Amino acid sequence: MGRYQPPIYVYRSLGASRVGRRVVVVGAGPVGLALAIDLRLRGIDVALIDEDDTVSTGSRAICWAKRSLEIFDRLGVARPIVERGITWNTGKVFHRDRLVYGFNLLPETDHAFPAFVNLQQYHVEEALVARADALGAEVLWNHRLTGLDLRGQPTLTVDTPDGEVTIEADWVLACDGAKSQVRRLMGLDFRGQVFEDRFLIADVHMQAEFPTERWFWFDPPFHPGGSALLHRQADDIWRIDLQLGRDADPVEERKPERVVSRLRAMLGPDRRFELAWVSVYTFQCRRLERFRHGRVFFLGDAAHQVSPFGARGGNSGIQDADNLGWKLALVLKGAAPEHLLDSYDAERGPAADENILHSTRSTDFITPRSEASRRFRDAALSLAGDHGFARALVNSGRLSVASVYRNSPLSTPDVDAFPERLCPGSAAADARVGDEWLLPRLGGDDFTLLRFGSEDSEGIPSVDALGSSVARDRYGAESGTAYLIRPDQHVAARWRRPTREQVADALARATARVS
Amino acid sequence: MSKGIERPDEVYEALIELHRDLDDASSRRIDARLILLLAAEIGNADTLKRLIAAAREEADAGRGASSPTHGR
């Protein structure tokens, strides 16, 4: 297998120096592409501009969480990603020379998708570009944003190979990453915490028989004092991540001979490997104070940034797109008032805080910043072999799951007794119903009433899952139970035996037609 | 036996926060205070002795000696 050859996408001219577009997505990364696809599936015209003409350089985001895979499935791109990627559910944590414990992120059966699929970001982007093209999204490569005027209608100045172009947009969706040009042009603060430790990422091409698991070491013999991560990607590429410490010299550490000698120590003197990509990085945990600024929305790394531990960057961005797509489509079709869009910030703001909190805690555990902190960490690790409680303290990354939109203005609080799982705001759980998976039948184009032998409701498509004992169990359902599911497959409301009026009220609330 | 720790990440964070900006001697003093407070909350002498022995295990294993009061 040769080195990855990135595609070169064809530049198309807008054909005029001044054009109007309803929705402009800035940035053709995974988040912008997912959002463009979602909007196209909902019948909304969308233009997507990107400053270059290819996919991401280097593997970057590699771990796609179950919830992202479910969203990709709704968008019609899960199949190429799962087929090309590496499916995994389990991992191991080592301390010095011994195994501390193993874990399984998806101990339940009966899910269409695994806990994770590992696939290089460039492969994911390629699949998304193909889908966006097929759905008629206007993807404009080599269109670099240079100006943004928000005094009236949002007006974008864009640099292209044919010169400067002005795009008047109704809505601007900034998916342009950690160095967001939209954010910079608007002069918005991006505040948070900077971590000083440097890390080395090396993607290595090698034939290896290691199991398809996430392996994480604290203070291993081959890299004393640091942490190490080994993870498999597609095409016999392996991700290796080594903590280098605060004083590491990034220029020295990037030198191939230096990287190779570190990897030799880890992989053994006889292992044949080839470097595919090397990066020395530090990271930040920070966010914009608000994700909506009038007609401009921020998604993914443009809105919030986390440490890599927990795979919460790319995955939370995909959840951002999932959250905004249906809302913007309803507003553009006149089916919901504009303030429905405020719920994007109300729901994804707390999600970002949760991701930042988890990723900050993981970072503090992995790179202790004081002697006391290091003592507690080593104590937790040394107890974890014999004591279950200590395993729960060991934090090598709390891996991304779907955020629950607690206290969402769109949710109808429970009036009936239910288990905590799948409370309003949760992403719906999958299960087999007859010969089919449940999730693809929920949400998407419209709200869905998930019934368990309960009455149908006028004007809302419905699915009856009473026949599936797994679904009944996961939803805590009895005969008569019903869940109102949003287009993004999150739970809006649930009842033991709803009246038509209750369902209608919950639907009105979930579309901001009442406050 | 052990009940485990509720909301472990939150508790762990509070423990680390407890030591913020303290020098090493102060840190150790605070830890000793905390241990005594926790011991009082547990109360039961046999339980405490069992936990004390479990904590010691690693140090003794390191020296190649076995703990004389191996409670498990």
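**Close-up views of a predicted model**

**View 1. Where the two domains of chain A touch.** In this predicted model, 6 residues of domain 1 of chain A are in contact with 5 residues of domain 2 of chain A (in contact: C-beta atoms, placed from the backbone, within 7 Å). On the side of domain 1 of chain A that touches domain 2 of chain A, α2 (66-75) and α8 (313-332) of chain A each supply at least two residues (helices are DSSP runs of H or I, at least four residues, and strands are runs of E, at least two, numbered from the N terminus). That side divides into 1 nonpolar, 1 polar and 4 charged residues (nonpolar: Ala, Val, Leu, Ile, Met, Phe, Trp, Tyr, Cys and Pro; charged: Asp, Glu, Lys and Arg; polar: the others, Gly among them).

**View 2. The contact between chains A and B.** Here, 14 residues from chain A meet 14 residues from chain B. For chain A, α9 (342-366), α10 (371-384) and α11 (388-391) each give two or more residues, and α10(A) brings the largest share, 5 residues. By class, the chain A side has 5 nonpolar, 6 polar and 3 charged residues.

**View 3. A hairpin in chain A.** Follow β9(A) through 5 residues and you arrive at β10(A). Strands β9 (residues 144-149) and β10 (residues 155-160) of chain A run antiparallel, joined by 5 bridges (strands pair if DSSP finds at least two bridges between them). Look for Asp149(A), whose bridge partner in β10(A) is Thr155(A).

**Reading the views.** Residues are numbered from 1 along each chain as its sequence is written, with chains lettered from A and ligands numbered from 1 in the order in which they are written. Local features need pLDDT of at least 70 and side-chain atom pairs count only at pLDDT 80 or more, while totals for chains, interfaces and linings use all residues.
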